[in-house]
Amino acid sequence: MSDGKARIQMAWGVALVLAGLGVLYRIPQVMPKITRIEQFASASGFIYFCFYLMALILIFGGGRKIITNYKMLNRNKPAK
């Protein structure tokens with residue numbers, strides 16, 4: 001993989017981690033509004049679970065992408 005592509009993939013990984021953190025930040029603000037909707041009130045536990053799972057997947061997936069591409073960038077650099 002070229003250095004340019006690895007850098008783009010690292011930036012995408014950072015974006016995924018930030019999106020996951022954004023989801024974690026927004027859950028306490030959004031869930032009261034969701035539970036006020038009659039159809040979703042009984043499933044609020046499942047909705048919490050889904051939001052937290054989505055945040056964890058975004059954070060770990062982005063972190064994995066960052067680490068993988070960081071190692072690839074360092075592997076391609078010549079030793080001085």
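Tyr52 has a relative accessible area of 37% in this predicted model, and is therefore partly exposed, since that class lies between the 20% limit for buried and the 50% limit for exposed residues. Tyr48 falls into the partly exposed class as well, because its relative accessibility is 33%. Both tyrosines belong to helix H3, where four residues, about one turn of the helix, separate Tyr48 from Tyr52.

The rings of these two residues form an aromatic pair. A search of the whole structure finds one such pair, and its members are Tyr48 and Tyr52. The ring centres are 6.4 Å apart and the planes make an angle of 10°. The pair counts as stacked because planes under 30 degrees apart are placed in that class.

Tyr48 and Tyr52 are also part of a nonpolar surface patch, together with Val14, Leu18, Leu21 and Leu24. The patch covers about 510 Å². Helices H1 and H3 are the elements that give two or more residues to the patch. The most comes from H1, which gives four residues. One of the patch members, Leu21, is placed in helix H1. Leu21 has a relative accessible area of 44%, so this residue is partly exposed.

From the surface, turn to the interior. The largest nonpolar core is made of six residues, namely Val23, Ile27, Met31, Ile34, Ile47 and Ala55. At least two residues of this core come from each of two helices, H1, spanning 3-35, and H3, spanning 44-76. H1 has the largest share of the core, with four residues.

Ile47 is a useful residue from which to view this core. When neighbours within four places in sequence are left aside, Ile47 is in contact with Met31, Ile34 and Phe40. Of these partners, Met31 and Ile34 are listed with Ile47 among the six core residues.

Gly45 is another residue of helix H3. Is Gly45 buried, partly exposed or exposed? Its relative accessible area is 49%, so Gly45 counts as partly exposed, given that the exposed class begins over 50%. Gly45 also allows a comparison of sequence and space with Thr35. The two residues are 10 residues apart in sequence, and their C-alpha atoms are 9.8 Å apart.

Taken together, helices H1 and H3 each supply at least two residues to the largest nonpolar core, and H1 and H3 are also the elements that give two or more residues to the nonpolar surface patch.

Note on methods:
Residues numbered from 1 in each chain as written. Predicted model: local features only at pLDDT ≥ 70, side-chain atom pairs only at ≥ 80, totals over all residues. Heavy atoms only, no water. Core = buried A, V, L, I, M, F, W, Y, C linked by side-chain atoms within 4.5 Å. Buried < 20%, exposed > 50% of the residue type's maximum accessible area, 1.4 Å probe, protein only. Contact = heavy atoms within 4.5 Å. Phe/Tyr/Trp six-rings, centres within 6.5 Å; stacked < 30°, edge-to-face > 60°. Patch = residues over 30% accessible without salt bridge, like charges linked within 9 Å, V, L, I, M, F, W, Y side chains within 5 Å. Areas by Shrake-Rupley, 256 points an atom, 1.4 Å probe, with all protein chains shown as cover. Salt bridge = Lys/Arg side-chain N within 4 Å of Asp/Glu carboxyl O.
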